[in-house]
Amino acid sequence: TLIGTTSNLTKVDLAFRRGGRFDFDIRMDAPDEGTRLELFKHYLAAVPNEIGDADILAVSRATSGFVTSDIAQLVRNATLRAVSEGEQKLKLRTLEAQILESRPLTIQELLVQVPKVLWSEIGGNDSVKFSIRQCVEWPLKFPEKFEMLGLKPPSGILLYGPPGCSKTMIAKALATESGLNFLAIKGPELFSKYVGDTEKAIRDIFRKARLSAPSIIFFDEIDAMATQRGADDTSVSDRALCQLLNEMDGVEARAKVIVVAATNRLDIIDSALLRPGRFDRLIEVPLPDLPARRQILEIGFCKMPLADDVDLDQVAAAGEGLSGAETALICREAGLKALSLDNRIEKLETKE
């Protein structure tokens, strides 16, 4: 009996796959949560540890997208780390620290190192943050309640609003707080001059996101690839949009894969992308109001010593119409001017 293996079936000549040669194609997908649980139990049994069954279950849930070799390497590296730190047995905190430094092999080239941003670091937009958490975190934390009520989790979230209103920052906070695999995609990166390459890139992104589910796909500046069909002289953007439409709500299931996108040009997004089943929730991120500007100033000046005559309420009121980025810029520019003034004073004192 002849057995062959490959990680890329599309490159295998069809002549090898006909009857009489390789009669059967057996697909080996990434392990699901239950399989990961058994794998962790198997590999942890071979090393001294203080990790209970409940903790192993939590770890298996937190390692979506990890294949068998990833889990074996993870336990091995965590054990070596424990030894180097002088621990007699592998502890949960050591294993969790190693998980944070590891990346699943299946989506390693797509995962990005997102700067850690907390919800508390985003001034204002409380209703926006609540809607985002409701759409992304609730279905994962309370799946039994969604099933009991017959609710289907949202498939996609589109953030829209003026430039500089923290849309991308909200996505970074979502990646940090949710702990899910986060695939950040920029629309222009997908376009290729070769026919079919753009569609293949989109298919690969969703395929790898499904393998590493639960996961989030974030399209920044989605208006670059989702404009109204027929508005462009070239058909590349039209083909890319059609592929995106099929992936978001096509025949193949997209369980536990949430698409989040951001744009400041909602008017040019194709209407087929905005219907329920694709982007279910359209969330506006508006210009910050007075309380939001006050919070942004507080966050920006939190590490700067302020003089007694600095009135943040007055500064926030004077910033009517400014975006969040422009309000944060006030803090940076004020700090730089204070620093330059100190340098000038030091030079004058030195000359004297």
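## Burial and the loop residue N125

A residue counts as buried when its relative accessible area is under 20%. In this predicted model, N125 has a relative accessible area of 16% and is therefore buried. N125 belongs to the loop between helix 4 (92-101) and helix 5, and its phi is near 55°, a positive value in a residue other than glycine. Most residues other than glycine have a negative phi.

## A second positive phi, at S166

S166 also calls for attention on account of its backbone, since its phi is near 75°, which is a positive value in a residue other than glycine. The residue sits in the loop between strand 1 (156-160) and helix 7, and because its relative accessible area is 18%, under the cut-off of 20%, S166 counts as buried.

## Packing of helix 5 and helix 7

Two packed helices are described by the angle between their axes and the distance between the axes. For helix 5 (residues 126-141) and helix 7 (residues 167-178), the angle is about 45° and the axes are 11 Å apart. Angles that fall outside the ranges for roughly parallel, roughly antiparallel and roughly perpendicular count as oblique, and the two helices are therefore oblique to each other.

The crossing in which helix 5 passes helix 7 is right-handed. On the side of helix 5 the contact is made by V128, I132, V136 and E137, while helix 7 contributes I170, L174, E177 and S178. Sorted by class, the contact of helix 5 with helix 7 comprises 5 nonpolar residues, 1 polar residue and 2 charged residues.

## K129 within helix 5

Is K129, a residue of helix 5, buried or exposed? With a relative accessibility of 10%, K129 counts as buried, because that value is under 20%. When residues up to four places away in sequence are not counted, K129 touches W119, I122 and G124.

## Cysteines

A disulfide is a covalent bond between the sulfur atoms of two cysteines. The structure holds 0 disulfides. C302 is accordingly in no disulfide, and the nearest cysteine sulfur, which belongs to C331, is 9.0 Å away, whereas a disulfide requires a pair of cysteine sulfur atoms within 2.5 Å.

The accessibility of two cysteines can also be stated. C135 has a relative accessible area of 2% and is therefore buried, whereas C302, at 56% relative accessibility, counts as exposed because that value is over 50%.

Note on methods
Residues numbered from 1 in each chain as written. Predicted model: local features only at pLDDT ≥ 70, side-chain atom pairs only at ≥ 80, totals over all residues. Heavy atoms only, no water. Axes fitted to C-alpha atoms, helices over the stretch in contact; angles between N-to-C directions. Helix = DSSP H or I, 4+ residues; strand = E, 2+ residues; numbered from the N terminus. Parallel < 35°, antiparallel > 145°, perpendicular 65-115°, else oblique. Left-handed = near helix turned anticlockwise from the far one by under 90°. Contact = heavy atoms within 4.5 Å. Nonpolar A, V, L, I, M, F, W, Y, C, P; charged D, E, K, R; others polar. Buried < 20%, exposed > 50% of the residue type's maximum accessible area, 1.4 Å probe, protein only.
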